[in-house]
Every structure is written in C-alpha cells, then in structure tokens.
Amino acid sequence: NDTHELEQHQHPIVPSIPSSRKSSSSVTPANLFPTPTSLTLDEEKIEKAEAFLLNPEITDVPTESKRRYLETKGNLTQDEIDVALQRVVTAGKTRRDGRSGMQR
C-alpha cells in the first residue's frame, strides 16, 4: 500500500513515458560522458590554440610544454586545451588517412 502511494506522488512530478518509447537507444555515449559545453568554452581561443598546435615549428615540442604555454600565455582552460589538442589529433589522422589512400 505504501508503494502505491509513493507511485501516485511521483506521477505528477515525473511524466510517464509510454512503453513503446522506452528503449536503451535513448542512452548514448553523449549522455554517459558529458563533454564541456559551449557555454564554458571560448571557441575563438580554441581556434587560436589549434593554429598554434599545427605550427610546424613546434611539432617536436612536448605536449606538456604546449599545454603550459596555452594555459599561461593563451589563457585557455584545461578543457579548451583538451578540445584543441583533440581537434589537432583528429585533423592529423584525417590528413594521414587521405594521403595513404592516394599513395596506393
């Protein structure tokens, strides 16, 4: 009886989802692993950091040194640096994949 009362109290607060709409597909990696939101990231700073990271003159500089530079001189947050580094890595993989396909 107590369980039934508890369920009645929850219904007005939490709308029920029809069983036909309940599925595991609503759980996505984006839901499980939230990424920094655009509200907390400065896209302009990230783009400048990408340009810096793609500069051939600093390719051999250790990643930690690049991080320190971007944090102190570029005034980027760790999340912004992570995004810029990830984009550069992704761009590098895309370029390598494209080149390797052309050499065949």
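A polar contact is a pair of N or O atoms within 3.5 Å; within protein, one atom must be able to donate a hydrogen and the other to accept it. The exercises below use this cut-off on a predicted model.

**Exercise 1. Place T90 and find what its side chain meets on the backbone.**

Step 1. Locate the residue. T90 sits in helix α5, residues 78-103.
Step 2. Take the distance. A polar atom of the T90 side chain lies 2.9 Å from the backbone oxygen of Q86.
Step 3. Apply the cut-off. Polar contacts reach to within 3.5 Å. The 2.9 Å between Q86 and T90 fits that limit.
Step 4. Recall the helix geometry. An α-helix has 3.6 residues a turn, so residues three or four places apart point the same way.
Step 5. Check the exposure. T90 counts as partly exposed because its relative accessibility is 39%.

**Exercise 2. Describe the overall fold and say where confidence is lowest and highest.**

Step 1. List the elements. The protein chain has five helices and zero strands. From the N terminus on, the order is α-α-α-α-α.
Step 2. Read the confidence. The mean pLDDT of the protein chain is 74, and 56% of the residues score at least 70.
Step 3. Find the extremes. Helix α1, residues 2-10, is lowest with a mean of 51. Helix α4 is highest, at 96.
Step 4. Look at residues 100-104. Their pLDDT stays under 50. The model gives them zero contacts beyond four places in sequence.
Step 5. Look at the packing. Of the 104 residues in the protein chain, 15% count as buried. Among contacts with a separation of 6 or more, 59% are between residues 24 or more positions apart.
Step 6. Add the surface. The protein chain exposes about 8800 Å², with 54% supplied by carbon and sulfur atoms.

**Exercise 3. Which residues of helix α4 are buried, and how are they arranged around the axis?**

Step 1. Name them. In α4, residues 63-72, the buried residues are K66, R67 and L70.
Step 2. Take the arc. K66, R67 and L70 cover only 100 degrees around the axis, so they lie on the same side of α4.

**Exercise 4. How many aromatic pairs are there, and which parts of the chain does the pairing link?**

Step 1. Count. The total is one aromatic pair.
Step 2. Give its geometry. F52 and Y69 are 4.8 Å apart, centre to centre, with 20 degrees between the planes. The pair is stacked.
Step 3. Place the partners. F52 belongs to helix α3, residues 43-54, and Y69 to helix α4. They are 17 residues apart, and the pair links distant parts of the chain.
Step 4. Check the exposure. F52 is partly exposed because its relative accessibility is 22%. Y69 is partly exposed too, with a relative accessible area of 41%.

**Exercise 5. Is E50 buried or exposed, and what does its side chain join?**

Step 1. Locate the residue. E50 is in helix α3.
Step 2. Classify it. E50 has 17% relative accessibility, so E50 counts as buried.
Step 3. Find the polar partner. The side chains of E50 and R87 are joined by a polar contact of 3.0 Å.
Step 4. List the contacts. Beyond its neighbours within four places in sequence, E50 touches A84, R87 and V88.

**Exercise 6. What sets the phi of N75 apart?**

Step 1. Locate the residue. N75 lies in the loop between α4 and α5.
Step 2. Read the angle. Phi of N75 is near 60 degrees, a positive value in a residue other than glycine.
Step 3. Set the background. Most residues other than glycine have a negative phi.
Step 4. Check the exposure. N75 is exposed, with a relative accessible area of 53%.

How values were computed:
Residues are numbered from 1 along each chain as its sequence is written. This is a predicted model: local features need pLDDT of at least 70, side-chain atom pairs count only at pLDDT 80 or more; totals for chains, interfaces and linings use all residues. Side-chain values use heavy atoms; hydrogens and water are left out. Buried means under 20% relative accessible area, exposed over 50%, partly exposed in between (1.4 Å probe, protein chains only). Helices (H or I, at least four residues) and strands (E, at least two) are DSSP runs, numbered from the N terminus. The arc is that of the directions from the helix axis to the C-beta atoms. pLDDT is the predictor's confidence in each residue, from 0 to 100. Contact means heavy atoms within 4.5 Å. Rings of Phe, Tyr and Trp (its six-membered ring) pair if their centres lie within 6.5 Å; planes under 30 degrees apart count as stacked, over 60 as edge-to-face and the rest as tilted. Accessible areas come from the Shrake-Rupley method with a 1.4 Å probe; for residues, only the protein chains shown count as cover.
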